[in-house]
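The report below walks through selected features of the structure shown here, beginning with surface charge and moving on to architecture, buried helices and charged pairs.

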2 protein chains.
Amino acid sequence: MAPREQEHPALNDVELVTVLSALAEPTRLRIVRMLAAMEGERAWKDIDLPIAQSTLSHHLKILRNAGLVQNRTEGTRCFISLRDAELEGRFPGLLESVLECRDTALARESEEPASPEKHGATEGSSVPAAT
Amino acid sequence: MAPREQEHPALNDVELVTVLSALAEPTRLRIVRMLAAMEGERAWKDIDLPIAQSTLSHHLKILRNAGLVQNRTEGTRCFISLRDAELEGRFPGLLESVLECRDTALARESEEPASPEKHGATEGSSVPAAT
DNA sequence: TTCGTAATTCGATGTTCGTCGAACATCGAA
DNA sequence: TTCGATGTTCGACGAACATCGAATTACGAA
């Protein structure tokens, strides 16, 4: 990365409101979903969203401070990953329930209509479909 | 209540971010916990928190719009209750995981210091549980 | 060393949010 | 009808937030 090594809080020092606040923002929720959709890490550069780099950095910092993600530095670039296992220990079921929910509007808005493939993914509950 | 009957959204129209935003505020989370701690409804007047009435009304409106609570009007007063069953249908496990988590700071701040228990760590989960 | 790339920090801007007191609307009771 | 109690709405205020572009830091490569 660029400046200095990042700090990651111990999960026990993280409050529930902090986590909820971090997740309560469309862009950040999108990032979390993106990370959850894949195993392991994701390169910073590969997170492409229609926002400025500085904004993305800002959101990642908030997610980091909330204990939701962690980043590993390798040379000049860094890789982000979800702290899902630890999270499960501190807030049992929380992340899972957030991810499991197929948010209608958000899903519609965050997925590109460009990819012809259908990411079935969320199985189970089919959202009542737009009427 | 005072002016006119309240509106309650259908849970399917509620987005996840809306719910998370509603919960991501200490006072509101406290209200939700308070409602969850008891079965059934709670009189508006009995929700006493160190905030102005107008502020409480504002928070309840946000919780209402997020589909988290509902209120029943009876004469001039109203009773608030959690829409837990419906919530469970729309966001499975979410409310439960939020309630189950013993938030250190918040718990300390919202619970009476009356219980001399020592509950050292957070993961112990000595939550009364109401599953 | 110098250059370029990668990510963070800084400063500024406009918006949203929590909070309050005052004014208002609605109902039951006198 | 008048009065009092109960919530809600309205303006206003300061704090916090999302966003951006520019400056900065850190590293690898030439």
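## Surface charge on chain A

A:Glu39, A:Asp84, A:Glu88, A:Glu96 and A:Glu100 together form a negative patch on the surface, as seen in what is a predicted model. Two helices of chain A, α4 (84-90) and α5 (94-100), each contribute at least two residues to this negative patch. One of the patch residues, A:Glu88, lies in helix α4 of chain A, and because its relative accessible area of 37% falls between the limits of 20% and 50%, A:Glu88 is classed as partly exposed.

## Architecture of chain A

Chain A contains six helices and three strands, and their order along the sequence is α-α-β-α-β-β-α-α-α. Of the 131 residues in chain A, 40% are buried, while the accessible surface of the chain comes to about 7500 Å², with 51% of that area belonging to carbon and sulfur atoms. When contacts in chain A with a separation of 6 or more are considered, 64% of them link residues that are 24 or more positions apart.

## Buried helices and a buried histidine

Which residues of α1(A) are buried? They are A:Leu16, A:Val17, A:Val19, A:Leu20, A:Ala22 and A:Leu23; since these amount to six of the eight residues of the helix (residues 16-23), α1 of chain A is largely enclosed by the rest of the structure. In chain B, helix α1 (residues 16-23) likewise has six of its eight residues buried, and it is therefore largely enclosed by the rest of the structure. The buried positions in α1(B) are B:Leu16, B:Val17, B:Val19, B:Leu20, B:Ala22 and B:Leu23.

Elsewhere in chain B, B:His59 sits in helix α3 (residues 53-65). With a relative accessibility of 7%, B:His59 is counted as buried, because this value is under 20%. If neighbours within four places in sequence are left aside, B:His59 is in contact with B:Glu25, B:Thr27, B:Arg28, B:Ile31 and B:Ile51.

## Salt bridges

Side chains of opposite charge can pair when their charged atoms come close. Over all chains, a search of the whole structure finds six salt bridges, and three of these pairs are set out in the table, with the N to O distance for each.

| Salt bridge | N to O distance |
|---|---|
| A:Glu74 and A:Arg72 | 2.1 Å |
| A:Arg83 and A:Glu86 | 2.8 Å |
| B:Glu86 and B:Arg83 | 2.8 Å |

In the pair formed by A:Glu74 and A:Arg72, A:Glu74 is partly exposed at 45% relative accessibility, and A:Arg72 is also partly exposed, with a relative accessible area of 34%. The pair of A:Arg83 and A:Glu86 joins a buried residue to a partly exposed one, for A:Arg83 has a relative accessible area of 6%, whereas A:Glu86 reaches 40%. In chain B, where B:Glu86 bridges to B:Arg83, B:Glu86 is partly exposed with a relative accessible area of 38%, and B:Arg83 is buried with a relative accessible area of 5%. Salt bridges with shared partners also connect A:Glu41, A:Arg72 and A:Glu74 into one network.

Key
Residues numbered from 1 in each chain as written. Chains lettered and ligands numbered in written order. Predicted model: local features only at pLDDT ≥ 70, side-chain atom pairs only at ≥ 80, totals over all residues. Heavy atoms only, no water. Patch = residues over 30% accessible without salt bridge, like charges linked within 9 Å, V, L, I, M, F, W, Y side chains within 5 Å. Areas by Shrake-Rupley, 256 points an atom, 1.4 Å probe, with all protein chains shown as cover. Salt bridge = Lys/Arg side-chain N within 4 Å of Asp/Glu carboxyl O. Lys, Arg positive; Asp, Glu negative; His and termini not counted. Charge placed at Lys NZ, Arg CZ, Asp CG, Glu CD. Helix = DSSP H or I, 4+ residues; strand = E, 2+ residues; numbered from the N terminus. Buried < 20%, exposed > 50% of the residue type's maximum accessible area, 1.4 Å probe, protein only. Contact = heavy atoms within 4.5 Å.
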